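Hello,

Here is the structure you are taking over. My notes on what was found in it follow below.

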Amino acid sequence: MLDLVWLVVVVPLVSGLGLLVWGKEGDRVGHLVGTVASAASFVIGLVAFVQLLGRPEDDRSVADTLFTWISAGPFHVDMAYRFDPLSALFVLLITGVGTLIHVYSIGYMAHDERRRRFFAYLNLFVAAMLTLVLADDYLVLFLGWEGVGLASYLLIGFWQHKPSAAAAAKKAFVLNRVGDVGMALAIMLMFAQLGTSSIQAVNATVAGQASESVATALGLLLLLGACGKSAQVPLQAWLLDAMEGPTPVSALIHAATMVTAGVYLVVRSNGIFDAAPVAQTAVVVVGLVTLLAGAWIGCTKDDIKKALAGSTMSQIGYMMLAAGLGPAGYAFAIFHLVTHGFFKANMFLGAGSVMHGMAGPDGEGDVDMRHYGALRRAMPVTFATFGLGYLAIIGFPGFSGFFSKDKIIEAAFGESFWIGLAALLGAGVTAFYMTRLMVMTFTSPRRWLDDVHPHESPRVMTVPLVVLAALSVLGGVLVLGGWIEHWLQPVVGPSVHHELAVPAWVVSVVVTAVVAVGVALAWVTYTRTPIAQTAPADPDVSVLTRAGRNELYGNAVNDTLVVRPTRHLTRVLVFLDARLVDGLVRGLADRLGDTSQFLRTPQTGYVRSYALSILVGSLVVVLALLAVTLA
Amino acid sequence: MNEYLTLSMILFTIGAVGVLVRRNAIVVFMCVELMLNATNLALVTFSRQHGTLDGQIAAFFVMVVAAAEVVVGLAIIVSIYSTRRTTSVDDASLLKL
Amino acid sequence: MTAFWIVAPVVVVAALGLLFARKAVHAALSVAVVMIGLAVLYAAQGAPFLFAVQIIVYTGAIMMLFLFVLMLVGVESRESLTETIRGQRLAATVAGLGFGFVLVTAVGQTTLGPVTGLRSANEDGNVYGLAALMFGPYVVAMQLTAALLVTAVLGAMVLAHREALTPRRSQADIARDRMAEYATTGRHPGNPPTPGVFARHNAVDTPAPLPDGSPAEDSVSPSIVARGQLRDGFDDDIHVVSRQLRREDDDEDGAVGREQNPRRGSGAVGRDGEPRRGSGAVGREDNQ
Amino acid sequence: MILSVLAATPLVGALVVTLMPRTAAAARSVKVVALASSLVALALALYVTSQFDVGAGGYQLTEQHEWIGALGVHYALGVNGIGLTLVLLTTVLVPIVLLAAWEDRLPASRSVNSYLAWMLVLEALAIGVFCATDAFLFYVLFEATLIPIYFLIGSYGGAGRTYAAVKFLIYNLVGGLLMLASIVGLYVVTARAGDPTYLLSDLSGLDVGTTTERLLFLGFMAAFAIKAPLFPFHTWLPDAAGTATPATSVLMVSIIDKVGTFGMLRWCLELFPGASEWASPVVITLAVVSILYGALLAIGQDDVRRLVAFTSVSHFGFIILGIFTFTHTATAGSTLYMFNHGLSTAALFLVTGMMVARRGSASISDFGGVQKVAPVLAGILLLAGLSSLSLPGLAPFVSEFMVLAGTFTRSVPAAVLATLGIVLAALYILIMYQRTMTGPLQPEVAHLRDLDHREVAALAPAVVLIVGLGFFPQPMLDLVNPAVDEVVTHVGVGDPPPRTPAELGGLTGAGAYVPEHGPHETEGGH
């Protein structure tokens, strides 16, 4: 099966394309085909994973070239894939969570007339994401990278009739493109400096011989790409808008898989980052800033999906931070990525279930948490699974999040006290906003709108929730005995442990304490005073809340610095093109016309004038002849 | 010899000036005829000067061509007159645009 | 040379007439004079055939064509003397004088060799010489001019041709229209009577008498009536005719019928054959 | 001989179409005949490709007859990989265009016969231009292509077509006249050196003085820069494309404008390598400006056809950039880009044309929510748009990336600025898509028909090629590589070797590049 790993990409790809061109007849079974394709991919991935597991440690990497993609002169790119421990984990995550979300979507999208198309896009996404993680060449990775961007664009804008959805989709794509510029430039730099874009060769060479400046440049450019895809500051603005997409999309793409691609990229390019301390520092800074910014936003949003999206930003910030810590953090970054994939997908799907249950008479899901409350009883399964995800994300001891976050904070302290402190603070805030979310949604008194009748979602939606909840709880087993560090060692090298001033368990205790404080604070804040059905107006809330609601003014900054100048520039250029560039052309033509008009004045139309000029002309000729002869 | 040629030149000039100053298309045409005749005179004169008849032949051809020209020209004048009720060449000035 | 000095001034003066004559007919006449003068000069220079051709073609054909067109267009049309194009006359005069001066000077300054003369060329006669050239070296050119002439004729036909804008009216149409007009306006559908037919005078200014002897005024051109040139003394004629008739038949009918018949009675003239015979004889008599 | 036959086939088709009756009843058979002749041309082009020895390189299938002996002018045809690529593009696109133009509404009193005949004439001329190996013949055909386009725009376009047609004609004629001056100059130069000749093979080895070479180069370059079009000589294109029928726009932008970039590659670089290198800083600057300027202006357009025209300005910037960096990667990329841009722009022009024909307006603001009523139309528009913004997996990406990567090795600033173009590309396509296809359904477009089978059939080949060549561009690259290698070697600048070559031994997949023509100097040989 290891030789056929490429099938995990091809199966959903073929299914996706087939579903797209399949006519109306496909509507009846389209969703099933899509789900089966994703499940088949998962099975192939699982079998391959098991086979890989069975191999000796130093042989856990299968690489092959399918065909030569591009070859011209010195430029050579193979359509090559590599199935190694890192990509194997990702394949399982993507196809596993992906399949669950496919199943969930069968129920969630049951009443959408374009469900077949939705599943086609989901399949395409899975294929692109798998291409991304299996690629053995940066350009092939870029292919998947943009492929997931496209799928994300299509899925965010799936409900195209909503202008907000279409705008959000465009925004996501464009901001991703900004990151892609970095990616593309990085690959060009690889070609110029190293003559290849093969991931293995590049990392090996950069780690070995290339100058540090090259490594730094590559690192920073890749980081730019990662920022775009993973919604890290300063390219974070698209993620919250992306919640316009159907909730399964938010769960799969904007929580579990695609947005973590940036982390994958950094970890995959460990050779480059290890050789570029500056770039690593940049990664840490970006991670930290995003961690706190995301948490801040998460605290203020009343839209359940946006609150979760803020949380996603924040958690990816953790991963970035870990990835930026170098060998000390790579494995934990991936570990947190996996556990986050479980519990965040779980919670997003739970949120979708809530929205589904809270749908008003018009069928539109309600996302405002201020209209929720007391859903514990109305939607028990959702509450239970969501609660497990909640415990996982805040890092309740024993749950998966506890292990993964703990490890990262520990590594951060190992790097620097201040970084650790910031990460610790983030954990506290995470506990605060997640508790707030839980309280507002499930436990506080009901604040439902009229005509809303909350009900539990159908089985097809709750089963994936249960599975994901179980994974959220149990995900922590991966770290037992340092398994994940060991497993990833062939890819990211041996894990480095910094000696801390205090024993590791002290850190764990402190983290748990901080989390407890956050939970308590939120509990006190949101249970003591009743929650209003409408949010307090902006002037009535603190500056911090206002900033959080406005997503830390990221859109305003983009607007002021980029969008508006570009718009003005465009207008000016359109004007100049018509007046100056084309004006010169037309002006030249006009001057020629004027000259002709002037030269035309002797043309009176009177035949006698013409005759006169003929006579004068012949007189001149005769005189000239005379002059010539006589001279 | 020179006097014949001089006469020819004078007639030619008179014809040319006539074309320029007269406005009646028919008169203009006559002036053109005058110019042609002036050249004919010159041709006949040169024929005698050189002692060959080629000049006279040329004059003969000029006459034929002039006849053809007159036929067509007068037809044009008549058709212009029938549409515009005028024979003034100045009234037919649409050529400018 | 004498011929030249006699003819040349005439020709020049006639040519100048072309410039200054205000009436186109006068201009045409002066051109004719120039043509004839030139013909004489041709003859004087040993070109008798051209002399003939010049007179026949130019004076006879081309100038006649000009006159025809002049008549067609209107002999009366005079040219306004004010110049419409600013400076045209002055410029034309200056340019013309300059041109003439240059040409005349150039010719005057030129020294031509001894005149060869056409004696040898015209040995077999001028026409023979011309024919030998015309049907010899110049035969192609001659054919071409023939083609040119035919083309010119065709061109003139095309130019003179006018598209029929309305369907052609047949005789039946015309008759129907006339009857319709008669029904509405009462205008007589037949031809107006011709003047002078039954009168003692057959001149255009004499109205035709109706069978009752009264004059039919619409038999005369209205312009004559308007100018007051209608010939009177009609009654005298009646008397004379009556007398003659009485002498032959002793019949007084004419005077009675004149009062009985309406003036515009139709067919009155044709019904009675007698007066026609008489009037014809009388008219002829009267004319002589 | 086969090339002459290939070029003559559409011409014969045009003749037949012209002679057919101009009645409405015969219109269908007229179209069938036109389509059939273009398909025969396509078949012949494929046959030519099969006869072409891909590995051998050089000019093949050549034919040569003396034409004007006194001037050394020959009727000489031949193709190398680059020319063959464009011949293929031409012959592939014309049937697509004819099928898409099946129901074009022509202005009253214009017959479909002459419309199709002009298109076929244009195809024939284009094939001739791409095959000509004689500078004089090339010039004559180059100028002759103006005639069909002039009539196609001026007789069959929309409002303002006369202005656009005249502007197109005069603008391009000016360029052509400058080129004529250089053609005359070539005669003088070759006549002085011996026998006058215009054959590419004789000219490419010509040694002329630096100044002369530069002047001659400028004459050629002016014509090509206007044709391509390169900023600031682009203003005729939006006007022309904004009024022409979509079919005309495709023929003009996808095929005939390629003559500009093709001419740079074949005539400027091969005849005047020194001057090309001398001019490259300016040309590269203008190309980069074109990329960004075209993209920004595309964002600012409301007329969807003008938008597509400006995207082409941007894309031509990429192509020219690739040509004038003289690296193998970029030049091969540019050649491939010509092909890919032809496909992608054709799809974009045709699908927007179908949109415009349905709505009766080309203004973006007159659309909205069309996706709901015409999903297939929207899907193909999106795919064409995505190919225009060079999404990986679609054909233009490969070529665009090769251009950028090849440029990066020679000029980092140019590459970085050009790469910014990909963000702008995303903007202009997605804004257009967002405003026309998404959002609430506008009442004016509520009854828009979706694409019918004929339209889908017309667009399908382009779509399949765009996707297929995105993943498997190698057959095309194999075709162009030997030719590109010759050009690059001729100019003599070449690819700078990587500073720190990666050690590829033992690693799977990546193949090491071994230069076949000896080491290229980092600095040019001139």
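Chain C has 12 helices and two strands (DSSP runs numbered from the N terminus: H or I of at least four residues for helices, E of at least two for strands). Along its sequence they run α-α-α-α-α-α-α-β-β-α-α-α-α-α. Of its 288 residues, 26% are buried, meaning that 20 or more other C-beta atoms, placed from the backbone, lie within 10 Å of the residue's own. Among contacts (C-beta atoms within 7 Å) in chain C between residues at least 6 apart in sequence, 50% join residues at least 24 apart.

This is a predicted model, in which local features need pLDDT of at least 70 and side-chain atom pairs count only at pLDDT 80 or more, while totals for chains, interfaces and linings use all residues. Residues are numbered from 1 along each chain as written, with chains lettered from A and ligands numbered from 1 in the order written.

Chains B and C touch through 59 residues of chain B and 66 residues of chain C. On the chain B side, α1 (2-21), α2 (25-50) and α3 (54-84) each supply at least two residues; the largest share, 21 residues, is from α3(B).

The largest nonpolar core (buried Ala, Val, Leu, Ile, Met, Phe, Trp, Tyr and Cys joined through C-beta atoms within 7 Å) has 436 residues, and A:I334 and D:A347 have the most contacts inside it. Helix α6 (residues 163-194) of chain A gives the largest share of this core, 20 residues. Another core, of 85 residues, lies apart from it and includes B:F60 and C:A39.

Regards

Definitions and conventions
Buried ≥ 20, exposed ≤ 12 C-beta atoms within 10 Å, placed from the backbone. Contact = placed C-beta atoms within 7 Å.
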